[in-house]
Amino acid sequence: MGTGASTQPWRAEPYEIPAGQPESLASDTSRVSEKPALSPDVAEAHLTSDAGKMPQGRLQTELACSSQPSCSDQHTCLETIQLARKHMSSPDDVESHSKHDAKEMPQRKRACTIRFGAFSASGTLDPGVTHKTRRQGRALPGPEYPWRLNRQLYQADGTTIRFSEYLAKKKLQGAFKPDTILKMEVSEKEDFSHPFTVFVSTIGMIADGIIHGHEAFWPLCCWGATDLKLGQAVSEQADKEAKDILNLHVFVHVNAASDRLIPISETGQGRSPWGVKARGEAGFDSQQAFWSASPISQGTHGWRLLAEATMFAAQGTEDLTGLRNMIKSAAKVYDTVD
């Protein structure tokens, strides 16, 4: 028999068996292990199970050999497969490469599932009253249907924007207290009914001016008695920790300005229980003139804090505990947006 097989270099790449020499290959058994022959079907099954672990070229080598009609000796065919596998990466190497590739891939940010609502800051000073029992407008979320950051909103021009994207834009504008009527920017409805606007501020920045009266607080509303209580609590606060909380950035939600919230009005909400001058009292005429001028006559904005949905179950407190908890929750919503 010829000895061509003993000098033939073995490679992992596909190669052609020399024509006319199947006996030479079959007779060279020095490299062939004494194992039972595998049927072509079994060999192909083994190859298929390993296909996902092999580089494409080496996989073709094994498949080519297993289906080669001129390879009559199944031991030789199996030997070719074994030699090809020697050049393949070990399972540990494959896992190492996979981990390396994973590190280089950009990490996909996990979707945020925070739920939130819009809550009255002054309502936190209404002892024993939960926010879920407070009257909410139709444009505000309730405990059964809180807002999520992936909620779709409609802008005034008809285009859509995610709540998270809208809040991120507001965050970039920085904190401030408005000094004029705000334009409504988004709505949950495609027909732009019940629109609202959000801006960034702090309770310290907003509520400090309440004690100076309705006029100084315009364009925001401070109609109720708890609003005055909020202003007094903020202005009189001397504790450093409490002041730090009052200065946390939060998202402030406002509805369209309404003349029903004008404190001197006899219609709508009616006259405010505080800060309204009686006829003949000093300052009566100037107060009437203030609320009659444009654009002030359009009314005031009801305002609320965007805080976690867990705040629906929170009760108002006589002290500032409820307010502090509300601000911390609102600050968490603010920090979630980027």
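Are Trp147 and Phe163 buried or exposed? Select the two residues and show their side chains: Trp147 is buried, and Phe163 is buried too. Keep in mind as you go that this is a predicted model.

**Stop 1: the whole chain**

Zoom out for a moment and colour by secondary structure. The chain holds 13 helices and 8 strands. Of its 338 residues, 40% are buried. If you switch on a surface, you are looking at about 19,100 Å² of exposed area, with carbon and sulfur atoms supplying 50% of it. Contacts between residues at least 6 apart in sequence are worth a thought as well: 73% of them join residues at least 24 apart.

**Stop 2: Trp147 and Phe163**

Now go back to the opening pair. A pair of aromatic rings is described by the distance of the centres and the angle of the planes. In the chain, the count of aromatic pairs comes to 10. Trp147 and Phe163 form one that is tilted, with 5.1 Å from centre to centre and 55° between the planes. Trp147 belongs to strand β2 (residues 147-148) and Phe163 to helix α7 (residues 163-172), so their pairing ties together parts that are 16 residues apart in sequence.

Add Phe116 and Phe196 to your selection. Ring pairs link these two with Trp147 and Phe163 into a cluster.

**Stop 3: along helix α7**

Select residues 163-172, which make up helix α7. Its buried residues are Phe163, Tyr166, Leu167, Ala168 and Lys170. An α-helix has 3.6 residues a turn, so residues three or four places apart point the same way. Looking down the helix axis is a handy way to keep track of the side chains.

Just past the helix, pick Gly174: this glycine follows α7 and has a positive phi, near 85°. Carry on to Lys183, in the loop between α7 and β5 (186-187). Lys183 has 67% relative accessibility and therefore counts as exposed. Draw a distance from its C-alpha atom to that of Phe196, and you should read 8.4 Å, for two residues that are 13 residues apart along the chain.

**Stop 4: Tyr334 and its partners**

Select Lys171 and Tyr334 together. The charged end of Lys171 sits over the ring of Tyr334, 4.3 Å from its centre. Then add Phe251, which forms a tilted aromatic pair with Tyr334: the centres are 5.2 Å apart and the planes make an angle of 50°. Phe251 lies in strand β7 (residues 250-255) and Tyr334 in helix α13 (residues 321-336), so this pair ties together parts that are 83 residues apart in sequence.

Why do both count as buried? Buried means under 20% relative accessible area. Phe251 is at 0% relative accessibility, so it counts as buried. Tyr334, at 11%, therefore counts as buried as well.

**Stop 5: strand β7 and its neighbours**

Stay with Phe251 and extend the selection to the whole of β7. Because 6 of its 6 residues are buried, β7 is largely enclosed by the rest of the structure. Both faces are covered, with Val250, Val252 and Val254 on one side and Phe251, His253 and Asn255 on the other.

Which strands flank it? Strand β6 (residues 196-201) runs antiparallel to β7 and is joined to it by 6 bridges. Strand β8 (residues 303-308) is also antiparallel to β7, with 3 bridges between them. His253 is a good landmark here: Val198 stands opposite His253, and His253 also stands opposite Arg304 in β8. For another landmark, find Thr197 opposite Val254.

Next, look at β6 itself, where 6 of 6 residues are buried. Phe196, Val198 and Val200 point one way, while Thr197, Phe199 and Ser201 point the other.

**Stop 6: two nonpolar cores**

In soluble globular proteins, nonpolar side chains tend to be buried together. Here, the largest nonpolar core has 34 residues, and those with the most contacts inside it are Ile203, Leu230, Val252, Val254, Trp303 and Leu305. Elements giving two or more residues to this core are α8 (203-207), α10 (225-235), α11 (240-246), β7, β8 and α13.

Centre the view on Ile203. Leaving aside neighbours within four places in sequence, Ile203 is in contact with Ala121, Asp208, Val234, Leu246, Trp303, Leu305 and Ile327.

Finally, select Phe116, Leu149, Phe196 and Tyr334. These are among the 21 residues of another core, which lies apart from the largest one.

Terms used:
Residues numbered from 1 in each chain as written. Predicted model: local features only at pLDDT ≥ 70, side-chain atom pairs only at ≥ 80, totals over all residues. Heavy atoms only, no water. Phe/Tyr/Trp six-rings, centres within 6.5 Å; stacked < 30°, edge-to-face > 60°. Helix = DSSP H or I, 4+ residues; strand = E, 2+ residues; numbered from the N terminus. Buried < 20%, exposed > 50% of the residue type's maximum accessible area, 1.4 Å probe, protein only. Lys NZ or Arg CZ within 6 Å of the ring centre and 35° of its normal. Contact = heavy atoms within 4.5 Å. Areas by Shrake-Rupley, 256 points an atom, 1.4 Å probe, with all protein chains shown as cover. Pairing = 2+ DSSP bridges. Core = buried A, V, L, I, M, F, W, Y, C linked by side-chain atoms within 4.5 Å.
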